[in-house]
Amino acid sequence: MSQTIFLLEDDLDIQRLVQYHLEASGFVVRTFTAATNVATDAERQPPALFLLDIMVPGGDGLDLCRRLRSNPVLSTIPIIFLTARASENDRVLGLELGADDYITKPFGTRELLARVKAVLRRFERPTAPSIVAFDNIEIDQAAMQLKVGGHLQTTTATEFRLLDYLARHPGRVFTRDQLLDAVWGDARFVTPRSVDVYVRRIREKIEADPENPRYLKTMRGAGYRFEMPKTA
């Protein structure tokens, strides 16, 4: 079954170019020229990925990203920004909002397709149920859901992947570069310090006291280690 991509792009020439190449690669593409209806349409039929321009009518792509990431139904769907805003500050802001890749214009269509497919591969879900549970925390890899105390916690796709990866390798120290390779793959706009942003967000969701974490430990001068309770 073909995967559906929601494409938000108000430049019709670019929209048609991207749509043509995505459809030629087997994707179903729904196009939008304004941000207004993207989230409501996605709630009715969630796509596999959002490809968002930033400067569009009806609220910019950054606002839309923020709303998607706070929506429990849509928060784990990958987001790629496709934008002319190419400064380092723009890229960092995109990361802070939870984007999974950031492609600047002008772009090559082969590179665009490669990066869309790479992001989708990173977020493929296992076919067999696979749950890590300890204390009052449950990490459901197949459903990409995090529950704490029986309550569903909203996470971005990348937050979930990082937590899931660390929890499945308890006791092992990972450098930031190792975590980037394992979780972000070939995404080019992230830096080792990006890992710190995501670790902080994960701690806020799973730790009773994020300033004194019980599970996700900082190993000074090395990186991070996930500690599983001995009774789990």
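Two strands pair if DSSP finds at least two bridges between them. Keep that in your pocket for the tour, along with this: helices (H or I, at least four residues) and strands (E, at least two) are DSSP runs, numbered from the N terminus.

Before you click anything, note that this is a predicted model, where local features need pLDDT of at least 70, side-chain atom pairs count only at pLDDT 80 or more, and totals for chains, interfaces and linings use all residues. Residues are numbered from 1 along each chain as its sequence is written, and side-chain values use heavy atoms, with hydrogens and water left out.

**Stop 1: the whole chain**

Show everything as a cartoon. You have eight helices and 12 strands to explore. The radius of gyration (taken over C-alpha atoms) is 18 Å, close to the 17 Å from the globule rule (2.2 Å times the number of residues to the power 0.38) for 232 residues, so the chain is as compact as a globular protein of that length. Along its principal axes, the C-alpha trace spans about 55 × 35 × 30 Å.

**Stop 2: the three-stranded sheet**

Select 173-174, 216-219 and 223-226. These are β10 and β11, plus β12. They make an open sheet in the order β10-β12-β11, with antiparallel pairing. β10 and β11 are the edge strands with a single partner each, so one side of each has no neighbour in the sheet. Four antiparallel bridges link β11 to β12. Now show Thr218: across from it, in β12, is Tyr224.

**Stop 3: α6 and α8**

Add residues 157-167, which form helix α6; it lies across β10, β11 and β12, at about 65° to β12. (Contact means heavy atoms within 4.5 Å; axes are lines fitted to C-alpha atoms, for helices over the stretch in contact, and angles run from 0 to 180 degrees between N-to-C directions.) Next select 192-206 for α8, which packs on α6 at about 80°, with the axes 10 Å apart. The two are therefore roughly perpendicular (angles under 35 degrees count as roughly parallel, over 145 as roughly antiparallel, 65 to 115 as roughly perpendicular and the rest as oblique). Turn on side chains: on the α6 side, Thr158, Glu159, Leu162 and Leu163 take part, and they meet α8 residues including Tyr198 and Ile202. By class, this contact has six nonpolar, one polar and three charged residues (Ala, Val, Leu, Ile, Met, Phe, Trp, Tyr, Cys and Pro count as nonpolar, Asp, Glu, Lys and Arg as charged, and the others, Gly among them, as polar).

**Stop 4: the five-stranded sheet**

Here the order is β2-β1-β3-β4-β5, an open sheet with parallel pairing. Select 28-32 for β2 and 101-104 for β5: they are the edges, each with a single partner, so one side of each lacks a neighbour in the sheet. From one strand to the next, the twist averages 20°. Inside, β1 (4-8) and β3 (49-52) pair in parallel over four bridges; pick Ile5 and you'll find its bridge partner, Leu49, in β3.

**Stop 5: α5 and α1**

Helix α5 covers 109-122. It lies across β1, β3, β4 and β5, at about 175° to β5. Select 12-24 to bring in α1, which packs on α5 at about 60° with axes 10 Å apart. These helices are therefore oblique to each other. Leu17, Val18, His21 and Leu22 of α1 meet Thr109, Leu112, Leu113 and Val116 of α5. By class, that contact has six nonpolar, two polar and no charged residues.

Finish on Thr109. Which residues does Thr109 touch, not counting those up to four places away in sequence? Leu17 and His21.
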